[in-house]
Amino acid sequence: QVQLVESGGGLMQAGVSLTLSCATSGLSNYAMVGWFRQAPGKDREFVVAFKWSGGSAKYADSVKGRFTISRDNAKNTVYLQMDSLKPEDTAVYYCAADRRCTAGSGCPRTWEAAYDYWGQGTQVTVSN
């Protein structure tokens, strides 16, 4: 059974950095792991994802150059380092896993329906 547990959210000033963590269990080497976010009154949107076993990441244009996804295999943990935070980054951030993304499917996928497992979310609020 796959489990995802996020942590690390908080209230931040614009311009600072914050790192979110996603503790995982049960992921296979075929899985994609990523982050989505949902701002108040908006749909949940893709942020970044990569293959759990290794490979390049895919980023949303809005965070490219500011956010970095990484993993610690020994700890089964995925991190989202967020630099130069902006008020528009305010959202609930969700860790998600796509249990099996096969070649030719556009892996890692960027649409919400492709992801089978979700964490409970962690709130990030950025103020001016």
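Two strands count as paired here if DSSP finds at least two bridges between them, and I begin with that rule because the sheet I want to show you rests on it. Please keep in mind throughout that what you see above is a predicted model.

Let me start with that sheet. Four strands form an open sheet in the order S1-S3-S8-S7, and the pairing is antiparallel. The edges are strand S1, residues 3-7, and strand S7, each of which pairs on one side only. If direction is ignored, neighbouring strands of this sheet are turned by 20° against each other on average. As general background, strands of a sheet pair through backbone hydrogen bonds, either parallel or antiparallel.

Looking at one edge of the sheet, S1 and S3 are joined in the antiparallel sense over 5 bridges, and Gln-3 stands opposite Ser-25 in S3. At the other edge, S7 and S8 are paired in the antiparallel sense over 6 bridges, with Ser-70 having Tyr-79 in S8 as its bridge partner. These two strands, S7 and S8, also form a hairpin with 4 residues between them, and in that turn Asn-76 has a positive phi of about 50°.

From the sheet I move to the core. The largest nonpolar core has 35 residues, and those that touch the most other members are Leu-20, Trp-35, Phe-67, Val-78, Leu-80, Met-82 and Tyr-93. At least two residues of this core come from each of the strands S3 (18-25), S4 (32-38), S5 (45-51), S7 (67-72), S8 (77-82), S9 (91-98) and S11 (122-127). In soluble globular proteins, nonpolar side chains tend to be buried together.

What does Tyr-93 touch, leaving aside residues up to four places away in sequence? The contacts of Tyr-93 include Leu-20, Trp-35, Phe-67, Leu-80 and Met-82, and also Glu-6, Arg-37, Gly-121, Thr-122 and Val-124.

Next come the disulfides, of which the count is 2. In one of them, Cys-22 and Cys-95 are bonded with their sulfur atoms 2.1 Å apart. This pair links distant parts of the chain, with Cys-22 in strand S3 and Cys-95 in strand S9, 73 residues apart. The torsion about the S-S bond of Cys-22 and Cys-95 is about -80°, so this disulfide is left-handed, and both Cys-22 and Cys-95 are buried.

In the other, Cys-101 is joined to Cys-107, with an S to S distance of 2.0 Å. Here the torsion about the S-S bond of Cys-101 and Cys-107 is about -100°, so this disulfide is left-handed as well. Are Cys-101 and Cys-107 buried or exposed? Cys-101 has a relative accessible area of 10%, under the 20% cut-off, and is therefore buried, whereas Cys-107, at 28% relative accessibility, counts as partly exposed. If the bonded cysteines of the chain are numbered in sequence order, the pairing reads 1-2, 3-4.

I turn now to the aromatic rings, where the count comes to 5 pairs. One of these is formed by Phe-36 and Phe-46, which are edge-to-face at 5.6 Å centre to centre with 80° between the planes. Because Phe-36 lies in strand S4 and Phe-46 in strand S5, the pair ties together parts that are 10 residues apart in sequence, and both Phe-36 and Phe-46 are buried.

Phe-36 has a ring partner in Tyr-115 too: the centres of these rings are 5.0 Å apart and their planes stand at 75°, so this pair is edge-to-face. It links distant parts of the chain, since Phe-36 is in strand S4 while Tyr-115 is in the loop between S9 and strand S10 (117-118), 79 residues away. Tyr-115 is buried, as is Phe-36. Taken together, ring pairs link Phe-36, Phe-46, Tyr-94, Tyr-115 and Trp-118 into a cluster.

I finish with a single loop residue, Val-63, which lies between strand S6 (58-59) and S7. Although Val-63 is in a loop, its relative accessible area is 1%, so Val-63 is buried. Not counting residues up to four places away in sequence, Val-63 touches Arg-37 and Val-47. The C-alpha atoms of Val-63 and Val-48 are separated by 8.4 Å, and these two residues are 15 residues apart along the chain.

Conventions: Residues numbered from 1 in each chain as written. Predicted model: local features only at pLDDT ≥ 70, side-chain atom pairs only at ≥ 80, totals over all residues. Heavy atoms only, no water. Core = buried A, V, L, I, M, F, W, Y, C linked by side-chain atoms within 4.5 Å. Buried < 20%, exposed > 50% of the residue type's maximum accessible area, 1.4 Å probe, protein only. Contact = heavy atoms within 4.5 Å. Axes fitted to C-alpha atoms, helices over the stretch in contact; angles between N-to-C directions. Disulfide = S-S within 2.5 Å. Phe/Tyr/Trp six-rings, centres within 6.5 Å; stacked < 30°, edge-to-face > 60°.
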